[in-house]
Amino acid sequence: MSYTIQQALIPVEDGYTTVDVQIENDRIAAIAPQLPVNGMAIDGKNKLLLPGLFNAHTHSSEMWQRGMISPVPLELWLAELYDFAPLDPEQVYLSALGTAVETLLSGGTSVVDHLVSIPGKEIETVAAAVRAYREIGIRAFVAPLIQDEALSAGIPTGGKEVEKEAFFRSTNEILAMMEDVVTQFHRPEEGINLLVAPTGIQLCSDALFTGCIELSDRYNLCRHSHLLETKAQQKLALEKYGCSAVEHLKQIGYLSDRTSLAHCVWLDDDDIAILAETKSTVVHNPLSNLRLGSGIAPILKYRQAGINVSFGCDGSASNDSQDLLEAIKIGSILHTVTDPDYRHWITPRQAVEMASCGGAKGLNVSDTIGTLTVGKKADLVVYNLTNLSLLPRTDPIGLLILGRPTQVVDSAWVNGKQIVSSGKLRTIDVDELRQKLFHRSQWSSQRQSKTVTEIEVRYRVVMGL
């Protein structure tokens, strides 16, 4: 179907201008004032039109644990997360729907789901998430989270001999499963993209990383991983490799312009130079880093080094929200306290560029989406500038990024299809989704019974607590 968005406000170098935007099939066909109406006319008056943003790192299935886990460091948080009863595919489907809805209604048209799978049911897990993303219509980058080492392997030993427990599945079996997932579900032309996504150096062998490199090269897939989210991971990398995690990933060939890395909190200047050299992307997840006490990633240093940076919400159990605009706001203004030179601080317009073009670049799709450019895919969002949280009329992007915008998304298109209209999803019944999420859960402030684990004891010793 074709659309003509009339009299919408778009940013230009010296301010804003009013234009019409024609959408034909899946593309932006024209951007100019007073275009003839082609297809359905959309009133864009008093509305801001921007490229769709990227939620460039999250874990959709964590939605079922949000609000449950107290603030603790990541290593202990993971032990709590894994202590929950396993999900079933229907819960995976519902939480992917919820993640997509929250992302869309906060300006995101693309989501990178570092999908935590049901052990032994990885294919069913991916199928459930893909079904949800297809129904919603959001552009999805599904990155099944894989590891081949047990959770206890993620804690530094402090030089002590620690017996490693075996993981329940071999590296070769995991890689074979990943190839099955890719051949079944990787359909970029339909808006479903598969990524290879070892969780990180803390729980993955070199054999798993190199197997993922081979898969990504063979099927032209992007790569995604966590990287140095915590101080403990920095210590662990030195124990495992005798060098930094970044140096090691460079040595084995994992870093590239198709690689995006979530968190990147504990990198030094040499690490930063390597990321810049390899053209890898950093995904900034400020809210989970604060909630888990992981630290503040040196984002201003990354930008000054020429590293591409985008934003992610992270999972709903370490952020407890999928409000992308909130993550962008915190991820922008947080860094005013890390560098006294205000000329390095992130402006609202730079934040939008990081969240749109930066997200696209990190996933190797910046030639087709991420900017308002004729010929690119029509992944677009229209914001209602008459909404109370975007008033009074000052700087629209400043209000959007620095304010507390609520219910401001008026319309959204993905791949040329309108999936949000007048602030409501056109593809699913959100009230029905709310009811299903409500009835599949229960009020509780109590965790399941859990004793002090070996992980917690080891963590305290290694971190000097």
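The following exchange covers strands, a buried polar residue and nonpolar cores in a predicted model.

Trainee: What conventions apply to this model, and from which number does each chain start?
Mentor: The model is predicted, so local features need pLDDT of at least 70 and side-chain atom pairs count only at pLDDT 80 or more, while totals for chains, interfaces and linings use all residues. Side-chain values use heavy atoms, without hydrogens and water, and residues along each chain, as its sequence is written, are numbered from 1.

Trainee: Is strand β17 largely enclosed or not, and how many of its residues are buried?
Mentor: Strands (E, at least two residues) and helices (H or I, at least four) are DSSP runs numbered from the N terminus. Buried means under 20% relative accessible area, exposed over 50%, and partly exposed in between, with a 1.4 Å probe and protein chains only. β17 spans residues 409–414 and is largely enclosed by the rest of the structure, because the buried residues number six of the six.

Trainee: Which residue in β18 is the bridge partner of Ala 412?
Mentor: Two strands pair if DSSP finds at least two bridges between them. β17 pairs in the antiparallel sense with β16 (residues 380–384) over four bridges, and there Ala 412 stands opposite Val 381. β17 also pairs in the antiparallel sense with β18 (residues 417–421), over three bridges. In β18, the partner of Ala 412 is Val 420.

Trainee: Which residue in the turn between β17 and β18 has a positive phi?
Mentor: The two strands form a hairpin with two residues between them. The phi in question is about 60°, and the residue is Asn 415.

Trainee: Is Asn 193 buried or exposed?
Mentor: Asn 193 lies in strand β10 (residues 192–194). Beyond four places in sequence, its contacts (heavy atoms within 4.5 Å) include Arg 139, Phe 141 and His 186. Its relative accessibility is 9%, so Asn 193 counts as buried.

Trainee: Which strands are the edges of the sheet β12-β13-β14-β15?
Mentor: This open sheet of four strands has parallel pairing. Each edge strand pairs on one side only; the two are β12 (223–227) and β15 (308–311).

Trainee: Which helix gives the most to the largest nonpolar core?
Mentor: A nonpolar core is a set of buried Ala, Val, Leu, Ile, Met, Phe, Trp, Tyr and Cys residues joined through side-chain atoms within 4.5 Å. The largest has 101 residues, and Tyr 133, Ile 136, Tyr 302 and Tyr 383 have the most contacts inside it. With eight residues, the helix giving the most is α2 (residues 89–104).
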